[in-house]
Every structure is written in structure tokens, then in C-alpha cells.
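Me: I would like to learn how to read the empty spaces inside a protein model, and then how to read the packing of two helices. Could you take me through both on an example?

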Amino acid sequence: MKKQIAILGSTGSIGTQALEVIEEHSDLYEVYCLTANNRVKELAEQARKFKPAAVVIANESHYEELKSMLADCPDINVYAGKQALDDIVTAGPIDMVLTAMVGFAGLSPTIQAIKAHKKICLANKETLVVAGELICKLAAENHAPILPVDSEHSAIFQSIVGEGDNKIEKILLTASGGPFRTFSTEQLATVTKDHALHHPTWDMGAKITIDSATMMNKGFEVIEAKWLFGVEADRIQVLVHPQSIVHSAVQFSDGAVKAQLGVPDMRLPIQYAFSFPERLHLNSERLDLFKHNLEFFEPDLNKFRCLALAYEAINKGGNMPCIVNAANEIVNRGFLEDRCSFLDMPRIIERTMQTVAFDANPSYDTYIATDAEARRVAKELMG
């Protein structure tokens, strides 16, 4: 029987590459459901090609358009709205849910998929950033495995496979450094979204590309690693590695370091999450170490304040990472829409952290309320 996969966010970078993996291994995997937020045309094209049982467009205003586009495909059920996302992931035939949605919106459907005992292939890092403790608790209670899809967390996971209970002394989390790695603070004050959207090694969506430029993406990955691997933030070291060949590493109690290396290609961690513990053939470029000089640098936390703020948030705990995530989503969009500067982003996030009420023991309802309040505050601060 082919494994049935639901892809939340199928029109984005991760979603489209996941479909390439499924297409290469069509004897093993089948698409059960595809979802998107606004990209109706792309979603309809994917549905025609992969013929899922269902498609969901989160933005309900696009429902009639999508329904019309797929009118001659009666076997594909068309749904719309956030509730439909929550409902579809619980469908009985689904074996795996790839959460490739961007931002806080991925939290609720991920929770529903966990409660339905689905295998979670996690590409939506905000889920663990916002509610890591809650997600890990639910996953344990519902025996729902969470396999990381981020290249760095997949590398860490691959490095600890077979290590049993051997103690992790340190996680070495690599970062490309983004397009502004060598910029001075003065230069950062003048960068534009066009500069920021040109990532030196990875082809990603706009939101995550901007997060990579500010290094907030790496801060979120520190938080994600804490929850995925049970390692406190002070034992997670960020290494700027411009070549993006060493995807991350683990240092054990005897000093040994294990790393996963490869050319930058997100299909590998996506496929590994699908196939674990097996490794399947992947039509991709192979790594030739003779062609690469590997460099590593310490990140500059004064220049890249977002990374420092993420460390502050995880050390504070409670709903503070939720506050940071919400404020970041607002300023990220603001920067893309030319409503704030590159250096305004960390300033607004920090002031939001200082303004929104802190809760040391948040519930799901607290996260919802915190997210709304932090967005409101960040918008006001941005003006």
C-alpha cells in the first residue's frame, strides 16, 4: 500500500519539492490532500497532476474560483477555510502530514494531526517556536512521531540515529549567514528587500528568506532544536557556515562530533522524513568535497539582534517565544511592504517583548491571545 501524504502548504518551496520527491517515488507515496492559502492557480494545477482526494484553500474568498477550476475533476473534493485545514488532517487514510505552511497558521492543523496520531513531517518551525512544550506533550500522549524537515534539524536527527541514549554534549547548528554576513551596521541600515531576497545558497519563500537575512530564522531553529532534541539553548551553538555544506552536527560526551553533509537540496531532508529509517535513491547532485573550502565563523549578535532576541526568548520561556514569533511575522511583512527598515525589525520585536504580558505557564488559549496581542502591539510600534 502506498503511504498517503497530506501536504499543508503545497504551493510553497517545501511543498513543491515534496511533490518532486513523491513523483520520483510514486510506487511508494501518494498525495491525499494538498492545501494553499492564496495560490489558487498553482493549487489547481497541482491537483490536476497529482489527483488528491481533497484540496483546501485556506482563504475562503478563493473557494468559488478553485471549485470552478476543478469542476471537471469530480473525484477531488474542494474545501475552504481554517476549519477545513484542521478537519482534513484527521482523515483516516492519511499516514503522514507534511506541515509546510508558513507562520503561526500552522499550529492548529499540526495539533489536530498529532491528536489523530499522524506522523508529522515538520517544516513549519513556528509550531515548536510558539508552543514547543505543548506540542511535545501532545506528541508523546498520542504516539505521533515528529520528524524534522528543516535541513539543520534533519542533519542533527541523522547524526543521532543509532546513538541510543548517548548524551549530547552540544549541538552545532550551522547558518549560512544570509546575504548580509559581512555587512557593517551602517550598511545594514540601508539594505532593501530586494537585497534581502537574494539568498546566497538557498531558494526559499519570501518570509523565510527575510528571516534568514536577519538571522531570526536561526534563532527559531535554536528554539526548535531545544524541543526536538531535549537540549537546552546554552548547549546549542550557532556556527556561520557560508557554504551550506555541513548542515549541522552533534558533539557527544566523549568529544566525538558527527555531522551530515551534502549539497544544498531540500529534497533530501524531505525524503528522509518520509522514508525514515530507510534511505531511498534521490536524483540529485552529489557532494564533491574537492570543490569546497569549508569555513566557520561566530555570529555577530550585536549586528544580528534577532538571533540574540530568540535566545533571550527561549531562556525566558513561557509565552515569550510566541511573542517574538508574532512580532517577527508583523515586521517581516512590514519590511517586505517597505513599511519598516531592516534595523527597525529587531527594535520593534524587542519593544513588543517588553510590552506584551508575560505568562510563565501558557495554555493553548494563552498562545492564541498572546499571538493576537503581540501582533497588535507590533503593528502599533511599526506605525
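**Cavities and a helix pair**

Reply: In this predicted model, helix 7 gives the most to the lining of the largest cavity, with four residues.

Me: What shows where empty space is left?

Reply: Rolling a probe the size of a water molecule over the atoms reveals it. Here the count comes to two cavities of 30 Å³ or more, and the largest has a volume of about 60 Å³. Of the 12 residues that line this largest cavity, H247, Q260, D265, L268 and P269 are the closest to its centre, while helix 7 (151-160) and helix 12 (267-275) are the elements that give two or more residues to the lining. By class, the lining of the largest cavity holds five nonpolar, six polar and one charged residue.

Me: Which residues line the second largest cavity?

Reply: The second largest cavity, with a volume of about 40 Å³, is lined by T214, K303, F304, R305, C306, F342, L343 and P346, and these divide into five nonpolar, one polar and two charged residues.

Me: At what angle do helix 6 and helix 14 pack?

Reply: Helix 6 (residues 126-141) and helix 14 (residues 320-336) pack at about 155 degrees, their axes lying 8 Å apart. Angles over 145 degrees count as roughly antiparallel, and the two helices are therefore roughly antiparallel to each other. The crossing of helix 6 with helix 14 is left-handed.

Me: Which residues in helix 6 and helix 14 meet?

Reply: From helix 6, E126, V129 and V130 meet P321, C322, N325 and E329 of helix 14; the residues of this contact comprise four nonpolar, one polar and two charged.

Terms used:
Residues numbered from 1 in each chain as written. Predicted model: local features only at pLDDT ≥ 70, side-chain atom pairs only at ≥ 80, totals over all residues. Heavy atoms only, no water. Axes fitted to C-alpha atoms, helices over the stretch in contact; angles between N-to-C directions. Parallel < 35°, antiparallel > 145°, perpendicular 65-115°, else oblique. Left-handed = near helix turned anticlockwise from the far one by under 90°. Contact = heavy atoms within 4.5 Å. Nonpolar A, V, L, I, M, F, W, Y, C, P; charged D, E, K, R; others polar. 1 Å grid on protein atoms, 1.4 Å probe; cavity = no way out; pocket = protein on both sides within 12 Å on 5 of 7 lines; lining within 4 Å. Points joined across faces, edges and corners; volume = space filled by probe spheres on them.
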